[in-house]
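Student: Could you examine a single part of this model closely, and then place it among the other local features that deserve attention? Please state the criteria behind each term as you use it.

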Amino acid sequence: MAQSGMKYFYLLLILILPLSSQAQQFRFHSQLDAKQIPVGGTFTIQFIIENADAENFTPPNFSPFKVVSGPSQSFRSSFINGKSSKSTSYSYMLQATKAGKFTIPAATLVSKGKTSKSNPVTIEILRSDQVARTDGQPEIMIKAEVDSNHVYIGQQVVIRYKIYTQINIENYNILSESSYAGCFAQALDTYKEPVIKEVVNGKEFSTKVLRKVAVFPQQGGKIEIEPMVVQVGIPSKSRVSRGLLSSFGLERKNLNSNGLTLIARSAYDNSPKNFSGAVGNFSVQFKLAPNQVTTDDAISLVLSITGNGDVKTIRPPSLIFPPGFESFDAKIKEEKMINATDSVRGEKSIEYLIIGHNPGQFEINPSFVYFDPVAAIFRTVSDSFSVTVLQGTGVTNAASDNTLVTEKAVKPISHSLYLTKVRKPVYLRPWYFASYILPVFAFLLFSWRSSRRKTEIKEVDPEAVAKARLEKSKLLMEEANYTLFYEEVAVSLKQFISHKFSIPTSDLSKNKISEVFKQHGLDSHIAQQTLLLLDRCDLALYAGINDASQVNSTYQEAVQLLTSIDEVLD
C-alpha cells in the first residue's frame, strides 16, 4: 500500500508541475477610485502588486492630501485554467484639502533585489462652487463613449458603455445592442472595471463601464452605432421572500444610451506601393533560416506581425529578392485575434520560401509598411540578412511544407524477377502489442481493487463548505472593506459554480448558468437569485454604499445559495 501511495504521489506531482509553472507576469501599478472630487471629499488610491512578493513597499508623498486611513493591506490568489496568480494591494484613503489638478507620484517596491515603480496618477479637485447641490431627484444615465469619431478602415476603436448614477443599483440586464453593421466587433472583458467617481456638469456621479466592444470598420463613410438599452434594478423598501432565499424588491427602469456615428476613411489614399493594408500600431519582426545554403536548399523567411489592428485584412507584402532567387507563394502560418485587457491584439505570421540558384554572397532586405492612424503617417520596418549560397548537386530540397523536386532527382524504376517473403515489422507482431497492453490492464485491475477497499466515506457539510469558501469575505465584511468584500463574494460564487458544474469561469454567462441549473434540476428561483446576487456584487458600491445590514444580508444570501446548490446536487 505504501508503494502504491508513492506511485499516486509521483503521478500527481508530474501532472501538477507543468500547470504550476504557468504563472502570470509581474505588474506593479496604481489606480484611483475617482477622477474629480470636490474640496473636502475623500478618495481611495490603491497600489497593486501582481505575481510578486512585496519585500519592501514605500508609498509616495501624498502632499497636499491628508491621509485619512491606511495603509490597508489585502491579498488574493487564484488558480484558473492551469494558471496561478496572486496579488497584494496597499490602500489609502485621502482627503482633498485644496482645489487644482494634482499628480500623485509613483510608489516604490523592492522584490527579489529589484526596484520597481508604479505609475503616477492624476486627480482633479474642484472648488465647492463648481459642484452643484444634490437636493433634487438623484440621476442615472448610460453613455456610449469613444475616443474619436474619425477613424480609418481596419483601425481598432473601443466603444465603452458607461453608467453614471447617484443611486444604488442592484443589477442590470442588456436588453438590446447595436448590430455594429459595417464593422467587425468583438466584446472585451469588463468584470474588473473599477467604480470611479466623476463630476459631470457640476454633479458628482459614481461610474462604471458595463460593456466594452472593440470594433474594426470594414467600409468607408458613415457607420451608425445604434443606442444600447439597459434595464437596471433599483432597490425598493419592500422585501420579497421565496422560501429559503429572499431579496429586496426591485424597481425596474430602462435606460437608453446615446447613439454614435463613426466617419471611416481608407488609408490607401496616397499610400506607398508596398502598403499591404495594415492599419494600427504594430510590432514587426523578420526571421530568416538558414543563412548558409546550397543551390539545392530552400530558405525560410518568416514575417511576424503583432498589433492592435485587424490582421485578417493584412495581405502578404510583395518582397523583392536579389537576381537569381526564385520565390514561391507566401503562406499564412498563423492568424488570430486575442482579447487583451483594454483592446484586441492581433497576431499574424507569414512565411516566404525562396531558393538561390546562383552561388555567391547576397543581401536580402525585407520590409513591411503599415499606417499609424494616431500620427496619420505610414511607417516602414526593414531588416537585412546576409545569405551565402554554395553550389549544390542539382537536386532541390525544400525546407518547408512545399516539396520541390527537379528532373535530375527522378530515377527509372528497377524491376526484379525475384520474389521474397516480407516479414512483418516488429511493432506489428502480437507479442509486441501484448507487452504494452498487459501492464495497462494490470494497473487498471489494481486501481479497481484498491478502490473497493475504501469503505469509509467522509461526508462534508455543504453549509460548512459554503462558509469556508466565504470565510475571507466575512473577514472583509467585519473590517468594513466593502470593495473587496463584494469582489470576493462574486469570485467565490463563480469558482463554486465552475467547480460544481465543470464549467470554465470564462464561460459563466447568465444564459449558461440558467441552462446548467435547469439541466441539473435546480429550482428556477435559485438560478434567478444567483444571477441577482452576481449583479448586486458587480454594482453594489455605486453611490458609495456602506450599509452594514445590506452587506450582512449579501453574505448570508451567498452562504444560503451555495448550501442550496450543494444539497440539490448531492
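Tutor: The account below starts with one buried residue and its surroundings, then passes to a small sheet and to several loops.

The model is predicted, so local features need pLDDT of at least 70 and side-chain atom pairs count only at pLDDT 80 or more, whereas totals for chains, interfaces and linings use all residues. Residues are numbered from 1 along each chain as its sequence is written, and side-chain values use heavy atoms, with hydrogens and water left out.

The starting point is Val 489, which lies in helix H5 (residues 482-501). Helices (H or I, at least four residues) and strands (E, at least two) are DSSP runs, numbered from the N terminus. Val 489 counts as buried because its relative accessibility is 1%; buried means under 20% relative accessible area, exposed over 50%, and partly exposed in between, with a 1.4 Å probe and protein chains only. Leaving aside residues up to four places away in sequence, Val 489 touches Leu 470, Ser 473, Cys 537 and Ala 558, where contact means heavy atoms within 4.5 Å. Leu 470 is 19 residues from Val 489 in sequence, and their C-alpha atoms are 6.7 Å apart.

Ser 473, one of these partners, leads to helix H4 (residues 471-478), in which Ser 473, Leu 476 and Met 477 are buried. These three lie on the same side of H4 because they cover an arc of only 105° around the axis; the arc is that of the directions from the helix axis to the C-beta atoms. An α-helix has 3.6 residues a turn, so residues three or four places apart point the same way. The face turned away from the buried side of H4 carries Glu 471 and Glu 478, both exposed. Just after H4, Ala 480 takes a positive phi of about 65°.

Another buried residue is Glu 170, which counts as such because its relative accessibility is 3%. Glu 170 sits in the loop between strand E13 (157-165) and strand E14 (171-176). Among the residues that Glu 170 touches, not counting those up to four places away in sequence, are Gly 233, Pro 235, Leu 532, Asp 535 and Arg 536.

The sheet in question is open and has three strands in the order E22-E30-E31, with mixed pairing. Its edge strands, E22 (275-279) and E31 (377-382), each pair on one side only; two strands pair if DSSP finds at least two bridges between them. Strand E30 (residues 367-372) pairs with E31 in the antiparallel sense over six bridges, and Val 369 has Thr 380 in E31 as its bridge partner. In the loop between E30 and E31 is Ala 376, a residue other than glycine with a positive phi near 60°. Ala 376 counts as partly exposed because its relative accessibility is 43%.

A positive phi, about 50°, also occurs at Asn 201, which is not a glycine. Asn 201 belongs to the loop between strand E16 (196-200) and strand E17 (203-217), and counts as exposed because its relative accessibility is 74%.

Two cis peptide bonds complete the account. The bond from Ser 63 to Pro 64 is cis, with omega near 10°, and Pro 64 lies in the loop between strand E4 (56-58) and strand E5 (66-80). The bond from Ala 289 to Pro 290 is cis with omega near -10°, and Pro 290 lies in the loop between strand E23 (282-289) and strand E24 (292-294).
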